[in-house]
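Notebook open. Today I want to look at aromatic rings, a surface patch and a helix.

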Amino acid sequence: MKRRVVFISSLTLALLITVKSPSAKPWTVVDAVQSAISTHPQSLIAETIVEEARGERRSATALSAPVLTTRWDNIPSNKGFSDFEERRIGITQDLELPLRYIWLTKAANLTVDQARSESQAVLLDLKSEVRQAYLEAWAFSEQVKILKEYKDTLNTYGSQIQVISEQGGISRLDARKSRVVVAEAEQELRASQLSMTAAFDRLSRMTNFDLGEVELISPLKSDPVDTTHIDESKLFSTNPEVLMAESEVLISGCEETLASTAWLPEVELTYFVRDEIPQDDEDSWAFQLELSIPVWFWWGGAGEIQASRAQLRR
């Protein structure tokens with residue numbers, strides 16, 4: 001009994017979708033794609049991919065945080081020295097060489113370009129899925145229309161056969177065969193209606209749009225594709241996957257350069273203000289510049305260079 005109730009409710013929903021009201025509005029595949037882009041979670045994912053890459057670019061190209069230091073020294077006279085007191089406040093900033101900043105910025109910009117290509121690929125996949133879902137829903141709706149007309153024709157033909165059979169014009173076996181044909185047509189129509197209901201539900205969930213009062217227009221009419229003016233040379237150069245691969249190669253080249261130049265010294269710039277007592281009790285200031293060279297660079301840096309070169313070849 002429960003199965004029969006479920007079947008009847010599914011069939012009723014299919015009939016409601018099939019029988020459109022006179023005020024049904026036309027809905028094209030372009031409308032479906034636009035609705036999906038504005039509401040589907042994949043669109044948000046495509047946006048966040050680029051935003052994440054931009055945040056990583058800011059982190060990669062940002063200067064290291066400056067360090068604020070303070071120091072107080074005091075040597076009392078009872079220790080065998082004259083009274084001495086010094087207070088110092090300084091700020092220290094670590095800097096890479098300008099050449100490495102150029103390579104870091106280039107690699108970060110390439111990462112953003114790669115993220116844009118990945119975002120475009122996500123949107124293209126979404127559009128493709130929506131178009132496929134729209135095509136399936138439209139095809140099932142057209143199939144239901146054809147099967148309904150076919151069933152109505154068979155019903156009319158079966159009624160005529162029944163009248164002729166009652167008048168003795170044909171045998172009872174032929175009359176039963178006509179009823180079997182009508183029953184098979186009804187079963188095929190019900191199966192198509194259930195498939196159409198599933199296709200409409202999938203399209204409605206992807207586009208977040210109520211399809212109860214719309215009429216799907218043929219994709220060939222609403223969004224025709226002109227295959228006579230396609231530049232095949234641009235199909236490869238504008239493909240998002242190709243662009244992502246090119247960006248990945250360029251990024252790997254920059255990473256190899258950065259790994260090979262990690263031995264370059266780092267610059268440490270310090271500015272401090274000092275107050276000495278007892279002397280003239282006046283403030284003094286100075287700049288201090290230091291260069292730091294990694295002595296054990298080839299110990300760990302050689303492995304990083306080897307890994308970056310292997311990644312570039314891959």
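Before anything else, I need a cut-off: I call a residue buried when its relative accessible area is under 20%, exposed when it is over 50%, and partly exposed in between. I also remind myself that this is a predicted model.

**Rings**

I searched for aromatic pairs and got 2. I took W27 and Y134 to start with: the ring centres are 6.4 Å apart and the planes sit at 45°, so I logged the pair as tilted. For that label I used the rule that planes under 30 degrees apart are stacked and those over 60 edge-to-face, with the rest tilted. I then checked where the partners sit: W27 is in strand β1 (residues 25–27) and Y134 in helix α4 (residues 98–166), so to speak distant parts of the chain, with the two positions 107 residues apart.

Are these two buried or exposed? W27 has a relative accessible area of 6%, so I put it down as buried. Y134 comes out at 0%, so it is buried as well.

Next I looked at W27 with F209. Their ring centres are 4.7 Å apart and the planes are at 10°, so this pair is stacked. It too links distant parts of the chain: F209 is in the loop between α5 (172–207) and β4 (214–216), 182 residues from W27 in β1. F209 has a relative accessible area of 31%, so I noted it as partly exposed. Put together, the ring pairs join W27, Y134 and F209 into a cluster.

**Surface patch**

Which residues form the nonpolar patch on the surface? I found L68, I89, I91, Y271 and V273, with about 450 Å² of accessible area together. I asked which strands feed it, and β3 (84–95) and β5 (266–277) each give at least two residues. L68 I traced to strand β2 (residues 67–75). At 67% relative accessible area, L68 counts as exposed.

**Helix α8**

Last stop was α8, residues 240–260. I got 21 residues and a reach of 30 Å from first C-alpha to last, close to the 30 Å expected at 1.5 Å a residue. I also listed its buried residues, among them P240, V242, M244, I251, C254 and L258. The list has polar names in it too, including S247, S252 and E256.

Notes:
Residues are numbered from 1 along each chain as its sequence is written. This is a predicted model: local features need pLDDT of at least 70, side-chain atom pairs count only at pLDDT 80 or more; totals for chains, interfaces and linings use all residues. Side-chain values use heavy atoms; hydrogens and water are left out. Rings of Phe, Tyr and Trp (its six-membered ring) pair if their centres lie within 6.5 Å; planes under 30 degrees apart count as stacked, over 60 as edge-to-face and the rest as tilted. Helices (H or I, at least four residues) and strands (E, at least two) are DSSP runs, numbered from the N terminus. Buried means under 20% relative accessible area, exposed over 50%, partly exposed in between (1.4 Å probe, protein chains only). Patches are made of residues with over 30% relative accessible area and no salt bridge: like charges are joined within 9 Å, nonpolar side chains (Val, Leu, Ile, Met, Phe, Trp, Tyr) within 5 Å. Accessible areas come from the Shrake-Rupley method with a 1.4 Å probe; for residues, only the protein chains shown count as cover. A salt bridge is a side-chain nitrogen of Lys or Arg within 4 Å of a carboxyl oxygen of Asp or Glu. The expected span of a helix is 1.5 Å times one less than its number of residues.
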